[in-house]
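Please walk me through this chain, moving from its helices to a few single residues and to the places where they meet.

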Amino acid sequence: MTREFPLRPDPIHVPDEILTDLRERLARTRWFDDVDNADWSYGVPGDYLRELVRYWHSGYDWRRAEAAMNRYEHYRVEIDGAPVHFLRRPGVGPNPTPLILSHGWPWTFWHWSKVIDPLADPGAYGGDPAESFEVIVPSLPGFGFSGPLPKRPDMNFWKIAELWHTLMTEILGHDRYAAAGCDVGALVTGQLGHRYAEELYGIHIGSGQMLTLFNGDRAWDLSGGHPIPDDWSDEVRKRLVALEKRFAVHLAAHMLAPSTLGHGLADSPVGMLAWILERWAAWCDGDVDTVFGRDEILTHATIFWATGTLPSSIRTYANNNRYPWTPSHDRHPQVEAPTGLTLVGYENPPGVRTDERVEHFRASPRGDWYNLVNVTAHDRGGHFIPWEIPDLWVDDLRRTFRGRC
């Protein structure tokens, strides 16, 4: 017997006046002469950004993107003072497993769009209908249609996990469920696997960071202030510097002065676009226009702009540090839920080949944190794993949960 879903759909709709205001602001942009920056060495190049903004103003069609999103069910609830939007795709199979997917920053819920249908309806993609999932894709609190957060300015990754558990068990009524996530969403998912292991079938994540990642006085500095060892080769040194450059700017700014940055990003759509565009360009495996394309870039940017949530989304970083993670138990491993992990070549540590990656992770301190049951490394793919290599991500996730649901 099919269980009736307990909520009423609430489709996405951005009012016309917000879109009109956006176009007016784009038309009034005050540009500067960004000389000697065609290679992105100073950040997002002015010529590139001008052309993208021109298209955002005169060519991009938000209503088309909105219609694609509204092919799915959307719902809005409030949990412990936090507004939560989520997409739902019912599973097509004899007994779909509830699965919640958590995105990262500067992601939106729509970065999961390539994997939603294959997970929910595997039979339509050559898979086994017995492995179908009821897919729940929330916008993180303070992100997109789940924000901003006037009642919960303290939101961070482990508090988001509490909201997700309430959503899945109390509101949606599931006794057990599966969880997956990438980037910040992997920390949310890891916390679920730490605190609620007995109520989860397992978790699958796109990075295996320790949940203490943001604790400490210098959490914004991934090196902890340590210099690069003198005996490292030039090649390894270059790879380390390149890796740190991908993350240093936003980590420091978001943790140390999110409101200072937020004032400007809330007022200027071009400034906001430039800030998040540099992350997409630096973190994806390949050319950003090829990996995403103009329309997809601007869809995610419009979600952030229309909801006014870029400032609240970046404050999450500061709150991860201001309200440090503390364990719910002292057992080992800390994340007891069966854990699957997808590793990608673009994020290989300096000096580590893809064929060495699994062993390297298992032997690292991070490997000891998780009850690992399935770890896979791929040569291709960047930070936005379910967008960049959706087929591989789906296959990895299915292996993690096969026989456990």
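Helices, as the word is used here, are DSSP runs of H or I with at least four residues, numbered from the N terminus. The model is a predicted one, and in it lysine 159 belongs to helix 5, which covers residues 157-171. With a relative accessible area of 13%, lysine 159 is buried, because the cut-off for that class is under 20%. Once residues up to four places away in sequence are set aside, lysine 159 touches Arg152, Asp154 and Tyr323.

Helix 5 also takes part in the surroundings of helix 6, whose buried residues pack against strand 3 (97-102), helix 5, strand 5 (177-181), strand 6, helix 12 (310-322) and strand 7 (335-344). Helix 6 has 12 residues, 184-195, and reaches 17 Å from its first C-alpha to its last, which is close to the 16 Å expected at 1.5 Å a residue. Of those 12 residues 11 are buried, so helix 6 is largely enclosed by the rest of the structure. The buried set includes Val184, Leu187, Val188 and Leu192, together with Thr189, Gln191 and His194.

Valine 188, a residue of helix 6, can stand as an example, since its relative accessible area of 0% makes it buried. Not counting residues up to four places away in sequence, valine 188 touches Ser102, Phe157, Ile160, Ala161 and Trp164. The C-alpha atom of valine 188 is separated by 26 Å from that of proline 11, which lies 177 residues away along the chain.

A comparable reading can be made for helix 9, residues 269-283, where 15 residues at 1.5 Å each should span 21 Å, and the end C-alpha atoms are 21 Å apart, which agrees. In helix 9, 12 of the 15 residues are buried, so this helix is largely enclosed by the rest of the structure. Among them are Trp275, Trp280 and Trp283, as well as Met272, Leu273 and Arg279. Arginine 279, located in helix 9, counts as buried at 3% relative accessibility. Leaving aside neighbours within four places in sequence, arginine 279 is in contact with Trp105, Pro106, Val249, His250 and Phe384.

Tryptophan 232 offers another setting, for this residue lies in the loop between strand 6 (200-205) and helix 7 (234-256). Its relative accessible area is 35%, and tryptophan 232 is therefore partly exposed. Between the C-alpha atoms of tryptophan 232 and leucine 261, which are 29 residues apart along the chain, the separation is 36 Å.

How do two helices meet? Helix 2 (residues 46-58) packs with helix 11 (residues 294-307) at an angle of about 75°, and their axes are 11 Å apart. That angle makes helix 2 roughly perpendicular to helix 11. On the side of helix 2 the contact is formed by Tyr48, Glu51, Leu52, Tyr55 and Trp56, which meet Arg294, Asp295, Ile297, Leu298, Ala301 and Thr302 in helix 11. Sorted by class, the contact of helix 2 with helix 11 has 7 nonpolar, 1 polar and 3 charged residues.

An annotation from a record can be set beside these values: in an unreviewed entry, UniProt places the feature "domain: Epoxide hydrolase N-terminal" at residues 9-111. Over residues 9-111 the chain is 32% helix and 20% strand, with the end C-alpha atoms 21 Å apart.

Key:
Residues are numbered from 1 along each chain as its sequence is written. This is a predicted model: local features need pLDDT of at least 70, side-chain atom pairs count only at pLDDT 80 or more; totals for chains, interfaces and linings use all residues. Side-chain values use heavy atoms; hydrogens and water are left out. Axes are lines fitted to C-alpha atoms, for helices over the stretch in contact, and angles run from 0 to 180 degrees between N-to-C directions. Angles under 35 degrees count as roughly parallel, over 145 as roughly antiparallel, 65 to 115 as roughly perpendicular and the rest as oblique. Contact means heavy atoms within 4.5 Å. Ala, Val, Leu, Ile, Met, Phe, Trp, Tyr, Cys and Pro count as nonpolar, Asp, Glu, Lys and Arg as charged, and the others, Gly among them, as polar. The expected span of a helix is 1.5 Å times one less than its number of residues. Buried means under 20% relative accessible area, exposed over 50%, partly exposed in between (1.4 Å probe, protein chains only). UniProt positions are given in the numbering used here, feature names are shortened, and annotations may be inferred rather than shown by experiment.
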